[in-house]
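Here are a few short exercises to work through with the model open beside you. Try each task before reading its solution.

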Amino acid sequence: MTAFRILRPGDVNLEACLSTRDGAEVTYFMFEQPECNTVDSNVAEAVERRGVRLICRKILPSRTLAACLDEYLPARTGIDFLSIDAEGMDAAILIAHDGDRYPDRVHLIMGNRDINKLRMQFELCPHTLEN
């Protein structure tokens, strides 16, 4: 996060466990290959079957995107670009996102496997990008 603060001082970057419910406990699966980290137990099992070593499981408290925005988004500040990389919870978090209260112009969903669940969002935000 230090590099983000130096290179992008006007941005807000958070390391937080997001889910659809504030205060829910989420199991985070951490693998020797960080790109395999997930909160989805089915994905974790599939990664282990491929032979990737599980380093640890952590139970983390979660927050909703709205709770994070309540705390960190300055008053009267718009969101131009919202990037979500939520270790497999991307679609659920975006679907639960209160777009009326916190509208954004563009959102990017990292590594999203559930893009079909988001098709309804295109009418609300036609600038949604897929990677």
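A polar contact is a pair of N or O atoms within 3.5 Å; within protein, one atom must be able to donate a hydrogen and the other to accept it. Keep in mind that you are looking at a predicted model.

**Exercise 1. Locate Thr-38 and decide whether Thr-38 is buried or exposed.**

Solution. Start with the chain: Thr-38 sits in the loop that runs between strand 1 (25-31) and helix 2 (41-49). Next, take the accessibility. Buried means under 20% relative accessible area. Thr-38 has 2% relative accessibility, so Thr-38 counts as buried. Now follow the side chain of Thr-38, which reaches the backbone nitrogen of Asp-40 at 2.9 Å. Finally, look further along the chain: Met-89 is 51 residues away from Thr-38, and their C-alpha atoms are separated by 8.4 Å.

**Exercise 2. Work out which residues of helix 3 are buried and what the buried residues pack against.**

Solution. Helix 3 covers residues 65-72, and its buried residues are Leu-65, Ala-67, Cys-68 and Leu-69. Then search for their partners: these buried residues pack against strand 3 (79-84) and helix 4 (90-96).

**Exercise 3. Describe the largest pocket: its volume, its lining and the classes of its residues.**

Solution. A general idea helps to begin with. Rolling a probe the size of a water molecule over the atoms shows where empty space is left. Here the largest pocket holds about 1400 Å³ of space. Its lining consists of 36 residues, and those nearest the centre are Val-12, Asn-13, Leu-14, Leu-82 and Ser-83. Sort the lining by element next: strand 1, strand 2 (54-61), helix 3 and strand 3 each give at least two residues. Strand 3 has the largest share, with six residues. Sorting by class gives 24 nonpolar, five polar and seven charged residues.

**Exercise 4. Take Leu-14 from the pocket lining and find which residues Leu-14 touches.**

Solution. Place Leu-14 first, in the loop between helix 1 (2-7) and strand 1. With 38% relative accessibility, Leu-14 counts as partly exposed. Leaving out residues up to four places away in sequence, Leu-14 touches Met-1, Cys-68 and Tyr-72. For Met-1, compare the two separations: 13 residues in sequence and 8.3 Å in space from C-alpha to C-alpha of Leu-14. Cys-68 links back to Exercise 2, as one of the buried residues of helix 3.

Notes
Residues numbered from 1 in each chain as written. Predicted model: local features only at pLDDT ≥ 70, side-chain atom pairs only at ≥ 80, totals over all residues. Heavy atoms only, no water. Helix = DSSP H or I, 4+ residues; strand = E, 2+ residues; numbered from the N terminus. Buried < 20%, exposed > 50% of the residue type's maximum accessible area, 1.4 Å probe, protein only. Contact = heavy atoms within 4.5 Å. 1 Å grid on protein atoms, 1.4 Å probe; cavity = no way out; pocket = protein on both sides within 12 Å on 5 of 7 lines; lining within 4 Å. Points joined across faces, edges and corners; volume = space filled by probe spheres on them. Nonpolar A, V, L, I, M, F, W, Y, C, P; charged D, E, K, R; others polar.
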